[in-house]
Amino acid sequence: MAVVNVPKVSDCPADDFVIVTDRLTMRPLKVVDADEMAGVLGDPSLHEFTGGTPATVEELRRRYARWTAGSESMDESWLNWVVSRKVDSVAVGTVQATVVGRDATRTAYIAWTIGRPWQRQGLAGEAATALVAWLRSRGIKTVVAHVHPDHEASARVAARAGLRRTDEMVDGEVVWRAE
């Protein structure tokens, strides 16, 4: 049975938001994760398609504090996970979903980032696929990702997660959608 609403993280036991795959554990992101994640996400090449530069530990702490506080809108939930390898609990990246709307009209906008040392191992695809399955198990029918048109690896991740490329563009990125 699907859950009708995706509650805010603060309203649920942490176990309700842990996602486990064959190789990964995805657990809700916390402010204290900023120290470890600064190293995971610190490679400037991760910004090749998105722009910007790696965040400092302090910038991540502030960002994570905002994210974990949640949206002020009743029609929007911010869900963020740290992706770790099961074999050694080493953090390798993040996945996130912003869920907007109510009931049957809810849409989840997803994104993923895997640190450079752990890329080309299928981890992003595994994490994104598990995230989409988790969202669907909670009644979310529409899942969207925005992918830079030249980012072939992210396009493969979106396809593996069951999203299909559309002709839509948003802020210079291709919209991938599963409905």
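## A tour of the sheet, its helix and the core

Begin in the predicted model by selecting glutamine 96, which stands opposite alanine 111 in strand β5. Next to glutamine 96 in the viewer, select valine 95 as well, and look across to tryptophan 112 of β5, which is the residue standing opposite valine 95. In a regular strand the side chains alternate between the two faces of the sheet.

Now widen the selection to residues 91-100, strand β4, and residues 107-114, strand β5, which pair in the antiparallel sense over eight bridges. Following the chain from one strand to the other takes you through a hairpin with six residues between the strands, where glycine 101 takes a positive phi near 100°.

Stay in this loop between β4 and β5 and select arginine 106. Is arginine 106 buried or exposed? Its relative accessibility is 4%, and because buried means under 20%, arginine 106 counts as buried. Displaying its side chain lets you trace two contacts to backbone oxygens: the side chain of arginine 106 reaches that of arginine 138 at 3.2 Å, and that of glycine 139 at 3.4 Å.

From here, colour the whole sheet, an open one in which eight strands follow the order β1-β2-β3-β4-β5-β6-β8-β7 with mixed pairing. At its edges, each pairing on one side only, are β1 (19-20) and β7 (164-170). Helix α3 packs on this sheet, touching β1, β2 (24-28), β3 (76-85), β4, β5, β6 (142-147) and β8 (173-178), and the direction of α3 makes about 160° with that of β5.

The next selection is the pair β5 and β6, which run parallel and are joined by three bridges; within this pair, tyrosine 109 stands opposite valine 144 in β6. Add α3 to the view, and β5, α3 and β6 together make a right-handed β-α-β unit.

Finally, turn to the interior. Which residues have the most contacts inside the largest nonpolar core? They are Met26, Trp81, Ile110, Trp112, Leu131, Leu135 and Leu163, in a core of 49 residues. Helix α3 (residues 123-137) supplies the largest share of this core, nine residues.

As a last stop, select leucine 163 and, leaving aside its neighbours within four places in sequence, show what is in contact with leucine 163: Val132, Val143, Val144, Ala145, Ala158, Trp176, Arg177 and Ala178. Among them is Val144, the residue of β6 already met opposite tyrosine 109.

Conventions: Residues numbered from 1 in each chain as written. Predicted model: local features only at pLDDT ≥ 70, side-chain atom pairs only at ≥ 80, totals over all residues. Heavy atoms only, no water. Core = buried A, V, L, I, M, F, W, Y, C linked by side-chain atoms within 4.5 Å. Buried < 20%, exposed > 50% of the residue type's maximum accessible area, 1.4 Å probe, protein only. Helix = DSSP H or I, 4+ residues; strand = E, 2+ residues; numbered from the N terminus. Contact = heavy atoms within 4.5 Å. Pairing = 2+ DSSP bridges. Axes fitted to C-alpha atoms, helices over the stretch in contact; angles between N-to-C directions. Right-handed = clockwise from strand over helix to strand, strands pointing away. Polar contact = N/O pair within 3.5 Å; in protein donor to acceptor, adjacent residues only side chain to side chain.
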